[in-house]
Amino acid sequence: MDILEELWYGNITPTEYSRIENSDNYKDALRLVNQNQERLKAVLNDEQKDLLERLLTANEKFANLIELDCFKVGYKLGAILTIEAYT
């Protein structure tokens, strides 16, 4: 099966090809985020913890929208570059 068929049938998930999760910079940044999040939760009351969780959830949704947009822009740019290469 070729790449277009794989994409059509949903067999390709672009995030599977990400190499960032294995990078030291990613791991260090994630560790720092988790460490600070846990330190903050330790000093918050229940209402504040709930507010923090709602903020983190909203931030995750926002980040997903940005990631989707970046993916689309990158895909379109790749297609344009391919077209340019053949003209």
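Biologist: Which residues line the largest pocket?

Modeller: In this predicted model, the lining of the largest pocket consists of L30, V33, N34, Q37, L56, N59, E60, A63, N64 and E67. The volume of that pocket is about 300 Å³.

Biologist: What makes a residue count as part of the lining?

Modeller: A lining residue has an atom within 4 Å of a pocket point, so L30 and E67, for example, are listed because they meet that cut-off.

Biologist: Which helices supply at least two residues each to this lining?

Modeller: Those are α2, covering 24–43, and α3, covering 46–85. Helix α3 gives the most, with six residues.

Biologist: What is the secondary structure of the whole protein?

Modeller: There are three helices and zero strands. Following the sequence, you read the pattern α-α-α.

Biologist: Why is the protein called more spread out than a compact globule?

Modeller: Let's set the value against the rule. For 87 residues the globule rule gives 12 Å, but the radius of gyration of the protein is 19 Å, well over that, so the protein is more spread out than a compact globule. You can also look at the C-alpha trace, which spans about 60 × 25 × 25 Å along its principal axes.

Biologist: Why is L52 called buried?

Modeller: Buried means under 20% relative accessible area. L52 has 10% relative accessibility, so L52 counts as buried. You will find L52 in helix α3. Its C-alpha atom is separated by 8.2 Å from that of K41, eleven residues away along the chain.

Biologist: And K27, why is that one called partly exposed?

Modeller: Partly exposed lies between the two cut-offs, under 20% for buried and over 50% for exposed. The relative accessible area of K27 is 44%, so K27 is partly exposed. K27 lies in helix α2, and 21 Å separates its C-alpha atom from that of T57, 30 residues away along the chain.

Biologist: How much of the protein is buried, and what does its surface consist of?

Modeller: Buried residues make up 5% of the 87 residues. The protein exposes about 8,100 Å², with 59% of that area supplied by carbon and sulfur atoms.

Biologist: How far apart are the mean positions of the positive and negative charges?

Modeller: They are 7 Å apart, taken over 10 positive and 16 negative charges.

Notes. Residues are numbered from 1 along each chain as its sequence is written. This is a predicted model: local features need pLDDT of at least 70, side-chain atom pairs count only at pLDDT 80 or more; totals for chains, interfaces and linings use all residues. Side-chain values use heavy atoms; hydrogens and water are left out. Helices (H or I, at least four residues) and strands (E, at least two) are DSSP runs, numbered from the N terminus. The radius of gyration is taken over C-alpha atoms; the globule rule is 2.2 Å times the number of residues to the power 0.38. Buried means under 20% relative accessible area, exposed over 50%, partly exposed in between (1.4 Å probe, protein chains only). Accessible areas come from the Shrake-Rupley method with a 1.4 Å probe; for residues, only the protein chains shown count as cover. Lys and Arg count as positive and Asp and Glu as negative; His and the chain ends are not counted. The place of a charge is taken as NZ of Lys, CZ of Arg, CG of Asp or CD of Glu. On a 1 Å grid over the protein atoms alone, a cavity is a set of points where a 1.4 Å probe fits but cannot get out, and a pocket is an open set with protein on both sides within 12 Å along at least five of seven lines; lining residues have an atom within 4 Å of a point. Grid points are joined across faces, edges and corners, and a volume is the space filled by probe spheres set on the points.
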